[in-house]
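Student: I should like to go through this model with you, one feature at a time. Shall we begin with the strands?

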Amino acid sequence: MTGVDELYQNLILHHGRSPRNFGTLAEPDRAAHGHNPLCGDRIHLTLALDGERIAEVRFTGDGCAIATASSSVMTDAIKGRTLEEAKALFAAFHALVAGEEPAPGPSLDPKLAAFAGVRRFPIRVKCAMLAWRTLEAALANGREAVTTE
């Protein structure tokens, strides 16, 4: 097993068992529900904004370890970023897990980069992307948007 593979497995296990930012915000500025009907993963994402910056973010839901870990790492990664920076991270993360050439933009934190291992399992890409698609819906549609991955 390579160092990257080990990081990926450890990250999934750690964040899957002990997710960060788990819960809901009482009065979110943006919210969205995400659902992957192929495997049953579900997520509810709430965001509090300070102008154009994501001040707080929380998620709840039921899903596999990859979906939960991706949600946990994503919430850490977007907290404190502007909406445009969060959109750029979405694009970079999607390119990473889909095995595509990333567009110029922010470099991914090593915790996000560890999800590159998902591309070897195409059926699991949807698990890793569920939180990100839900974020995309919340940013595009505001309160109570719904996305299906």
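Student: Which residue of β3 stands opposite R42?
Tutor: In this predicted model, R42 stands opposite D62 in β3. The two strands involved are β2, residues 41–50, and β3, residues 53–62.

Student: In which sense do β2 and β3 pair, and over how many bridges?
Tutor: The pairing is antiparallel and runs over 9 bridges. The hairpin has 2 residues between the strands, and G51 takes a positive phi near 70° there.

Student: Staying with β2, is H44 buried or exposed?
Tutor: H44, which sits in strand β2, has a relative accessible area of 16% and is therefore buried, the cut-off being under 20%. A polar atom of the H44 side chain lies 3.5 Å from the backbone oxygen of A32.

Student: What does L47 touch?
Tutor: Not counting residues up to four places away in sequence, L47 touches L25, P28, D29, R30, I54, E56, V57, I78, L135, A138 and L139. L47 is also one of the residues with the most contacts inside the largest nonpolar core.

Student: How many residues does that core have, and which others have the most contacts inside it?
Tutor: The core has 39 residues, and I78, F93, V97, F115, W132 and L135 join L47 in that group. At least two core residues come from each of α1 (3–17), β2, β3, α2 (65–78), α3 (83–98) and α5. The element that gives the most is α5, with 11 residues.

Student: How far does α5 reach from its first C-alpha to its last?
Tutor: Helix α5, residues 122–141, reaches 28 Å over its 20 residues, close to the 28 Å expected at 1.5 Å a residue. There is nevertheless a kink of about 45° in α5, centred on M129.

Student: Which residues of α5 are buried?
Tutor: They are V125, C127, A128, M129, L130, A131, W132, T134, L135, A137, A138 and L139. The kink centre, M129, is thus among the buried residues.

Student: Turning to α2, how many of its residues are buried?
Tutor: In α2, 12 of the 14 residues are buried, so the helix is mostly covered. Polar residues are included, among them T68, S70, S71, S72 and T75. The end C-alpha atoms of α2 are 20 Å apart, which agrees with the span expected for 14 residues at 1.5 Å a residue. After α2 comes G80, with a positive phi near 90°.

Student: Which side chains make polar contacts with that of N21?
Tutor: The side chains of N21 and T75 are joined by a polar contact of 2.8 Å, and the side chain of D76 makes one of 2.9 Å with that of N21.

Student: Where does N21 lie, and what else is it in contact with?
Tutor: N21 lies in the loop between α1 and β1 (30–36). Leaving aside neighbours within four places in sequence, the contacts of N21 also include V57, R58, F59, S72 and K79. N21 is buried because its relative accessible area is 13%, under the 20% limit.

Student: Finally, the whole chain: what pattern does it follow?
Tutor: Read along the sequence, the pattern is α-β-β-β-α-α-α-α-β, with 5 helices and 4 strands. Buried residues make up 46% of the 149 residues.

Student: What share of the contacts between residues at least 6 apart join residues at least 24 apart?
Tutor: That share is 60%.

Conventions. Residues numbered from 1 in each chain as written. Predicted model: local features only at pLDDT ≥ 70, side-chain atom pairs only at ≥ 80, totals over all residues. Heavy atoms only, no water. Pairing = 2+ DSSP bridges. Expected span 1.5 Å × (residues − 1). Bend = angle between axes of the 7 residues up to and from the residue. Buried < 20%, exposed > 50% of the residue type's maximum accessible area, 1.4 Å probe, protein only. Core = buried A, V, L, I, M, F, W, Y, C linked by side-chain atoms within 4.5 Å. Contact = heavy atoms within 4.5 Å. Polar contact = N/O pair within 3.5 Å; in protein donor to acceptor, adjacent residues only side chain to side chain.
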